[in-house]
Amino acid sequence: MTALALILAGIAGLLHVLFFKLESLDWRKPKTWKTFGLASQEDADTMASLAYNQGFYNLFLAVGTFVGIGYVAFSDDHDTIGWTLIVFACGSMLAAAVVLISSGGKAFARAAAIQGVPALLAVATALVAAS
């Protein structure tokens with residue numbers, strides 16, 4: 001169960017690195033802002049600072065997840081620290097997905113699922129593996 005939990009947490013973390021790239025590095029590219037449902041370059045430019053900030057939130061959650069994975073995988077003495085980081089970071093990803101779906105309904109259902117399902121599975125398997 002530990003290996004599965006770490007793989008799922010890794011997937012959730014990698015997705016959030018991708019979100020960081022899209023929101024903080026590629027935001028002004030038409031392919032990116034269209035993916036996020038914006039209608040024009042002007043809209044993307046207006047939202048750029050918000051997207052940049054949000055991207056870093058995603059990166060920080062990914063880093064927390066990866067540090068937790070490292071603790072669990074490579075340290076015999078720090079499993080509690082590792083599992084705590086994984087559950088906290090992936091739980092935050094899951095909570096953000098719930099906020100996303102609650103704020104936009106069906107329009108954001110796909111995005112919330114992409115963000116939230118790997119995090120949910122990571123939290124669930126981590127809690128089982130850690131017990």
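# Notebook: salt bridges, helix H1 and the nonpolar cores

I looked up arginine 28 first and found it partly exposed, at 49% relative accessibility. The model I am reading is predicted.

**Arginine 28 and its partner.** I checked what the side chain of arginine 28 meets: it forms a salt bridge with aspartate 45, 3.0 Å from N to O. Arginine 28 sits in the loop between H1 and helix H2 (30-35), while aspartate 45 belongs to helix H3, so this pair ties together parts 17 residues apart in sequence. I then looked at the exposure of aspartate 45, which is partly exposed with a relative accessible area of 35%.

**Aspartate 26.** Which residues does the salt-bridge network that includes aspartate 26 join? I found Lys21, Asp26 and Lys29 in one network, through bridges that share partners. For the bridge between aspartate 26 and lysine 21, I noted 2.3 Å between the closest N and O atoms. For the one between aspartate 26 and lysine 29, I noted 3.3 Å, N to O.

Is aspartate 26 buried or exposed? I have aspartate 26 at 9% relative accessibility, and it counts as buried because the cut-off is under 20%. Its two partners read otherwise: lysine 21 is partly exposed at 38%, and lysine 29 is partly exposed at 47%.

I counted salt bridges for the model and got three. I also compared the positions of the two aspartates. Aspartate 45 and aspartate 26 lie 19 residues apart in sequence, with 12 Å between their C-alpha atoms.

**Helix H1.** I checked the length of H1 against expectation. Its 24 residues should span 34 Å at 1.5 Å a residue, and the end C-alpha atoms are 33 Å apart, so the two agree.

Next I went through H1 for buried positions. The buried residues include Ala5, Leu6, Leu8, Ala9, Ala12, His16, Phe19, Phe20 and Glu23. Two glycines, Gly10 and Gly13, are buried in H1 too. An α-helix has 3.6 residues a turn, so residues three or four places apart point the same way. I asked what the buried residues of H1 pack against. I found H3, H4 and H5.

**The cores.** I looked up the largest nonpolar core, which has 17 residues. Those touching the most other members are Leu6, Ala9, Trp83, Ile86, Cys90 and Met93. H1, helix H3 (41-74), helix H4 (79-104) and helix H5 (109-130) each supply at least two residues of this core. Apart from it I found another core, of six residues, among them Trp33, Leu38, Ala44 and Ala48.

Leu6 and Ala9 appear both in this list of the largest core and among the buried residues of H1.

I followed tryptophan 83 further. Leaving out residues up to four places away in sequence, tryptophan 83 touches Thr2, Ala5, Leu6, Val72, Ala126, Ala129 and Ala130. Of these contacts, Ala5 and Leu6 are on my list of buried H1 residues.

**Methionine 1 and the surface.** I ended at the N terminus. Methionine 1 lies in the segment before helix H1 (2-25). Is methionine 1 buried or exposed? Methionine 1 is exposed, with a relative accessible area of 53%, because the cut-off for exposed is over 50%. I also found methionine 1 in a nonpolar surface patch with Leu4 and Val128, and together they have about 290 Å² of accessible area.

Methods. Residues are numbered from 1 along each chain as its sequence is written. This is a predicted model: local features need pLDDT of at least 70, side-chain atom pairs count only at pLDDT 80 or more; totals for chains, interfaces and linings use all residues. Side-chain values use heavy atoms; hydrogens and water are left out. Patches are made of residues with over 30% relative accessible area and no salt bridge: like charges are joined within 9 Å, nonpolar side chains (Val, Leu, Ile, Met, Phe, Trp, Tyr) within 5 Å. Accessible areas come from the Shrake-Rupley method with a 1.4 Å probe; for residues, only the protein chains shown count as cover. A salt bridge is a side-chain nitrogen of Lys or Arg within 4 Å of a carboxyl oxygen of Asp or Glu. Helices (H or I, at least four residues) and strands (E, at least two) are DSSP runs, numbered from the N terminus. Buried means under 20% relative accessible area, exposed over 50%, partly exposed in between (1.4 Å probe, protein chains only). A nonpolar core is a set of buried Ala, Val, Leu, Ile, Met, Phe, Trp, Tyr and Cys residues joined through side-chain atoms within 4.5 Å. Contact means heavy atoms within 4.5 Å. The expected span of a helix is 1.5 Å times one less than its number of residues.
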